[in-house]
Amino acid sequence: MQPVITIERLTKTYASGHPALKQIDLQIHKGEIFALLGPNGAGKTTFMDIITGKTRPDSGHVVW
């Protein structure tokens with residue numbers, strides 16, 4: 001089955017030097033349910049901002 005979202009090598013580091021995302025790979029297929037869980041500062045909001053186009057990653061890409 002074809003994934004509806006493919007995320008490859010997603011990386012984001014802020015100007016302060018804080019690495020928010022390090023080489024994230026993920027495929028989501030039609031009908032799947034997933035959750036982003038983690039402590040404060042883990043990169044959940046940055047990840048969602050990149051997927052929705054609100055923030056640009058330093059490297060990697062998202063394919064819808």
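Here are four short exercises, with worked solutions, on a predicted model.

**Exercise 1. The salt bridge**

Find which side chains meet in a salt bridge, and state where they sit in the chain.

*Solution.*
Step 1. Start with the general idea: side chains of opposite charge can pair when their charged atoms come close.
Step 2. Apply the cut-off: a side-chain nitrogen of Lys or Arg must lie within 4 Å of a carboxyl oxygen of Asp or Glu.
Step 3. Count what passes: there is one salt bridge.
Step 4. Name the partners. Aspartate 58 and lysine 12 meet at 3.9 Å, N to O.
Step 5. Place them. Aspartate 58 is in the loop between helix H1 (44-51) and strand E3 (59-63), while lysine 12 is in strand E1 (residues 3-13). The two are 46 residues apart, so the pair links distant parts of the chain.

**Exercise 2. Buried or exposed?**

Classify aspartate 58 and lysine 12 by relative accessible area.

*Solution.*
Step 1. Recall the cut-offs: buried is under 20%, exposed is over 50%, and partly exposed lies in between.
Step 2. Lysine 12 has 12% relative accessibility, so this residue counts as buried.
Step 3. Aspartate 58 has a relative accessible area of 46%, so this residue is partly exposed.

**Exercise 3. Strand partners**

Work out how E1 pairs with E2 and with E3.

*Solution.*
Step 1. Take E1 and E2 (residues 19-29). They run antiparallel and are joined by seven bridges.
Step 2. Find a facing pair: leucine 10 stands opposite isoleucine 24 in E2.
Step 3. Look at the connection. E1 and E2 form a hairpin with five residues between them. In the turn, glycine 17 has a positive phi of about 95°.
Step 4. Turn to E3. E1 and E3 also pair in the antiparallel sense, over four bridges. Here isoleucine 7 stands opposite valine 62 in E3.

**Exercise 4. The largest pocket**

Describe the volume and the lining of the largest pocket.

*Solution.*
Step 1. Give the volume: about 200 Å³.
Step 2. List some lining residues. Among them are Ala20, Leu21, Ile24, Leu26, Lys44 and Phe47.
Step 3. Assign elements. E2 and H1 are the elements that give two or more residues to this lining. The largest share, four residues, comes from E2.
Step 4. Sort by class. The lining has eight nonpolar, two polar and one charged residues.
Step 5. Link back to Exercise 3. Ile24 is in the lining, and isoleucine 24 also stands opposite leucine 10.

Technical notes
Residues numbered from 1 in each chain as written. Predicted model: local features only at pLDDT ≥ 70, side-chain atom pairs only at ≥ 80, totals over all residues. Heavy atoms only, no water. Buried < 20%, exposed > 50% of the residue type's maximum accessible area, 1.4 Å probe, protein only. Pairing = 2+ DSSP bridges. 1 Å grid on protein atoms, 1.4 Å probe; cavity = no way out; pocket = protein on both sides within 12 Å on 5 of 7 lines; lining within 4 Å. Points joined across faces, edges and corners; volume = space filled by probe spheres on them. Nonpolar A, V, L, I, M, F, W, Y, C, P; charged D, E, K, R; others polar.
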